[in-house]
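Biologist: Could you take a close look at a single part of this chain, the last of the helices you can describe, and then set it beside the others?

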Amino acid sequence: MTETSADEKPGESAADAGPRRILGLALPALGVLAAEPLYLLLDIAVVGHLGALALAGLAVGGLILAQVSTQLTFLSYGTTARASRMFGAGRERDAVGEGVQATWLALGIGAVLVVLVQILAGPITSLIAGSGDIAAEAERWLRIAVFGAPLILVAMAGNGWMRGVQNTLRPLRFVLVGQVLSAALCVLLVHGVAGAPRWELAGSAVANVAGQGTSAVLFIVALLRTGVSLRPRPAVMRAQLVLGRDLILRSLAFQACFLSAAAVASRFGAAAVAAHQVVLQLWNFVALTLDSLAIAAQTLVGAALGRGQIRGANRLAWRLTRWSAVFATVLALAFAAGHALVPTLFTDDSEVLDQATIAWWFFVGIMPVAGVVFALDGVLLGAGDAAFLRTATLGCALVGFLPLIWSSLVWDWGLAGIWAGLTVFMVLRMLAVLWRTASGRWAVAGSDLQARETKG
């Protein structure tokens with residue numbers, strides 16, 4: 001009915017997955033995670049040749065659209081958690097059925113978002129950019145680009161159920177087809193190349209929607225070809241929304257932390273905020289890389305628990321955590337060796353480089369910690385332990401990150417205080433997920449997450 005991993009043998013247990021199978025899941029997942037940021041760099045480069053005003057409009061409009069979609073990642077991660085258990089239990093049609101219901105949710109929520117943004121686009125862009133030309137450009141871009149919101153969410157749902165059935169290669173193909181189309185149209189429509197109409201900033205928005213639509217259609221066609229019933233099932237959608245509630249609250253905690261960090265960094269001057277942005281983007285790159293292993297952990301652990309293999313799930317959890325920690329340590333050593341070179345790839349401003357040095361060693365130091373945190377986040381997400389992750393993330397943010405961020409402003413600690421806050425946040429999260437994993441309370445067997453809710 002659906003493709004499975006090329007490295008998976010019939011009857012092979014997810015709990016016994018070896019390096020080849022894990023990398024077979026992780027590497028395509030990394031490609032999917034990296035595709036959007038890479039396209040955004042191209043979009044920025046193409047629009048940047050229109051001038052500062054268009055680029056500022058894209059930055060504000062893109063920020064708003066990104067915030068909308070970022071809060072709804074439960075459509076991918078939550079769907080994977082539910083689908084992987086069913087797949088592990090041999091209920092592949094039910095696993096794909098989770099994708100059907102997540103796709104209905106994506107279309108419904110996306111339609112609501114389109115209406116809301118059309119109504120509020122003016123006030124929202126003015127709030128962020130202030131009144132004037134930048135807000136007008138951002139509003140123009142956003143009113144077109146928001147039609148891609150339901151399409152982005154459909155792709156999230158598609159990634160979710162396909163990861164659940166241990167197929168990360170097809171989503172990569174679907175996403176790449178859409179991104180390549182977007183990239184080509186962006187060049188053509190923004191500048192009117194090869195006889196195409198010159199739509200300038202609006203061309204960027206149209207290119208985004210066209211690519212997102214192509215990927216969404218490919219995911220929907222994949223669902224149709226499975227032969228699974230497409231009938232909406234409100235009970236399943238309600239269960240997905242319950243899991244989504246916890247993941248949304250967790251995501252909001254992250255957003256509050258990083259927006260606060262950016263706000264405080266801006267109070268220390270242009271050099272500080274520029275250096276913070278450089279190191280933060282490198283941190284996002286590291287997080288993206290480690291998240292691909294977390295996705296492999298999520299789908300394999302979910303399948304093992306769905307199959308009733310609690311001991312196997314535990315072994316797999318610790319094995320993946322060791323690998324992730326070692327990989328993160330190698331990354332840390334590489335960035336430590338490149339401390340004098342890497343920041344100069346982004347700027348030659350001596351003040352910015354001096355400020356970047358302050359944050360750099362915090363950045364390097366937390367990588368091995370992040371290796372543990374991301375792997376065990378994936379394990380607990382695969383087990384459907386979203387309520388614990390929600391509570392732990394909120395608690396660590398309130399106790400660790402936010403107090404140090406705002407203390408940095410009060411006592412003028414600069415970037416050292418901000419990145420010390422991130423370090424404390426990550427260490428507290430590591431302690432929380434280590435304790436939870438060691439307790440074994442997350443490892444609840446069963447082919448659906450109702451077992452998790454009643455026993456966990």
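**A kinked helix and its counterparts**

Modeller: In this predicted model, helix α14 carries a kink of about 45°, and the kink is centred on A397. Helix α14 comprises the 26 residues 386–411, which at 1.5 Å a residue should span 38 Å, and because its end C-alpha atoms are 36 Å apart, the two values agree. Just after α14, D412 adopts a positive phi of about 60°.

Helix α1 can be examined in the same terms: its 30 residues, 19–48, should span 44 Å at 1.5 Å a residue, and the 42 Å between its end C-alpha atoms agrees with that. In α1 a kink of about 30° lies at A34, shortly before the proline P37.

Turning to packing, helix α12 (residues 350–365) and helix α13 (residues 367–382) meet at an angle of about 40°, with their axes 4 Å apart. Since angles from 35 to 65 degrees are neither roughly parallel nor roughly perpendicular, α12 and α13 are therefore oblique to each other. On the α12 side the contact is made by F363, V364 and G365, and on the α13 side by M367, P368 and V369; the residues of this contact divide into five nonpolar, one polar and no charged.

As for aromatic rings, a search of the whole structure finds eight pairs. One of them joins F174 and F219 edge-to-face, at 5.1 Å centre to centre and with 90° between the planes. This pair links distant parts of the chain, as F174 belongs to helix α7 (residues 169–191) and F219 to helix α8 (residues 201–226), 45 residues apart.

Methods:
Residues are numbered from 1 along each chain as its sequence is written. This is a predicted model: local features need pLDDT of at least 70, side-chain atom pairs count only at pLDDT 80 or more; totals for chains, interfaces and linings use all residues. Side-chain values use heavy atoms; hydrogens and water are left out. Helices (H or I, at least four residues) and strands (E, at least two) are DSSP runs, numbered from the N terminus. The expected span of a helix is 1.5 Å times one less than its number of residues. The bend at a residue is the angle between axes fitted to the seven residues ending there and the seven starting there. Axes are lines fitted to C-alpha atoms, for helices over the stretch in contact, and angles run from 0 to 180 degrees between N-to-C directions. Angles under 35 degrees count as roughly parallel, over 145 as roughly antiparallel, 65 to 115 as roughly perpendicular and the rest as oblique. Contact means heavy atoms within 4.5 Å. Ala, Val, Leu, Ile, Met, Phe, Trp, Tyr, Cys and Pro count as nonpolar, Asp, Glu, Lys and Arg as charged, and the others, Gly among them, as polar. Rings of Phe, Tyr and Trp (its six-membered ring) pair if their centres lie within 6.5 Å; planes under 30 degrees apart count as stacked, over 60 as edge-to-face and the rest as tilted.
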